[in-house]
Amino acid sequence: MSDFRPTLRPALGAKPVISSTAVSLSPLPEGVIIHVLAQPGERDVASFLDGLAKGAALAVRSVSPGQWFIVGEEPMAYQDMKDLFDGLEPRATCVDQSHGRVRIRISGKLARRVLSKGTAVDLAPGSFPVGQSATTLIGHIAAHITCVDADTFEIIVLRGFAESLWDDLARMSAEFG
């Protein structure tokens, strides 16, 4: 039996925050990301999830009809995650995606302009208000964007693409300082 123990490192751990007066790019803590898939015909899952999030340090992001991400800044203990999963059964099935997805925050008065360089989603405030989410491509990378504040966006991306997306966002932000 080997004594090998894998070293876990944050996907964007070596990336410094990029900040100017116009735009800021920062990696978010690798806390928890849970993909929730509602059973066919279930109607109350969204309101149930919102209720769960209010009682914990979690946020709910819409993915598509019948699908959501539950995100949080801190890792979730096994028993807490089990309780959450059990609480959603049989209405929905949950999949822990914490190990496979990364969150990035982009904010500032020109954040929408930076993102519009890479995605076809209309990010104008009237079309993409606070709380709105979309699954899209940023360049060639699949990503999930949520507007979390007037000029702040959270991007969820598969872990293997996180560094490439970070580099793309940094290049797209470069003209703004």
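**Exercises on two sheets and two cores**

The strand order 4-5-3-6 describes an open sheet of 4 strands with antiparallel pairing. Strands pair here if DSSP finds at least two bridges between them. Helices (H or I, at least four residues) and strands (E, at least two) are DSSP runs, numbered from the N terminus. The model is predicted: local features need pLDDT of at least 70, side-chain atom pairs count only at pLDDT 80 or more, and totals for chains, interfaces and linings use all residues. Residues are numbered from 1 along each chain as its sequence is written, and side-chain values use heavy atoms, with hydrogens and water left out.

**Exercise 1. Describe the sheet of 4 strands and the helix that packs on it.**

Step 1. Find the edges. Strand 4 (58–64) and strand 6 (92–96) are the edge strands, and each pairs on one side only.

Step 2. Get the twist. From one strand to the next it averages 25 degrees.

Step 3. Check a pair. Strand 3 (residues 32–38) and strand 6 run antiparallel and are joined by 5 bridges. His35 has Val95 as its bridge partner in strand 6.

Step 4. Add the helix. Helix 2 touches strand 3, strand 5 (67–72) and strand 6. Contact means heavy atoms within 4.5 Å. The direction of helix 2 makes about 155 degrees with that of strand 6. Axes are lines fitted to C-alpha atoms, for helices over the stretch in contact, and angles run from 0 to 180 degrees between N-to-C directions.

**Exercise 2. Place Leu84 and state whether it is buried or exposed.**

Step 1. Locate the residue. Leu84 belongs to helix 2 (residues 78–88).

Step 2. Apply the cut-off. Buried means under 20% relative accessible area, exposed over 50%, and partly exposed in between (1.4 Å probe, protein chains only). Leu84 has 10% relative accessibility, so it counts as buried.

Step 3. List the contacts. Beyond its neighbours within four places in sequence, Leu84 meets Ile34, Leu52, Ile70 and Met76.

Step 4. Compare sequence and space. Leu84 and Ile34 lie 50 residues apart in sequence, and their C-alpha atoms are 10 Å apart.

**Exercise 3. Lay out the sheet of 6 strands and its helix.**

Step 1. Read the order. It is 1-2-7-10-9-8, in an open sheet with antiparallel pairing.

Step 2. Find the edges. Strand 1 (18–19) and strand 8 (133–138) each have a single partner strand, so one side of each has no neighbour in the sheet.

Step 3. Follow strand 7. Strand 7 (residues 101–107) runs antiparallel to strand 10 (residues 152–158), with 7 bridges between them. In strand 10, Leu158 stands opposite Arg101, and Phe153 stands opposite Ile106. Strand 2 also pairs with strand 7 in the antiparallel sense, over 4 bridges. There Ser26 faces Arg105 of strand 7.

Step 4. Judge its burial. Strand 7 is largely enclosed by the rest of the structure, because 6 of its 7 residues are buried.

Step 5. Add the helix. Helix 4 (residues 162–173) lies across strands including strand 2 (24–27) and strand 9 (141–149), and runs at about 10 degrees to strand 7. Asp168 lies in helix 4. Its relative accessibility is 19%, so Asp168 counts as buried. Leaving aside neighbours within four places in sequence, Asp168 touches His140 and Ile141.

**Exercise 4. Which residues of the largest nonpolar core touch the most other members?**

Step 1. Define the set. A nonpolar core is a set of buried Ala, Val, Leu, Ile, Met, Phe, Trp, Tyr and Cys residues joined through side-chain atoms within 4.5 Å.

Step 2. Name the residues. Of the 29 members, they are Ile104, Ile106, Phe153 and Ile155.

Step 3. Find the sources. Strand 7, helix 3 (111–116), strand 8, strand 9, strand 10 and helix 4 each give two or more residues to this core. Helix 4 gives the most, with 5 residues.

Step 4. Set the other core beside it. Another core, of 14 residues, lies apart and has Ile34, Val36, Ala53 and Leu84 among its members.

**Exercise 5. Where is Pro90, and what is the peptide bond from Glu89 to Pro90?**

Step 1. Place the residue. Pro90 sits in the loop between helix 2 and strand 6.

Step 2. Read omega. It is near 0 degrees for the bond from Glu89 to Pro90, which is cis.

Step 3. Set the background. Most peptide bonds are trans.
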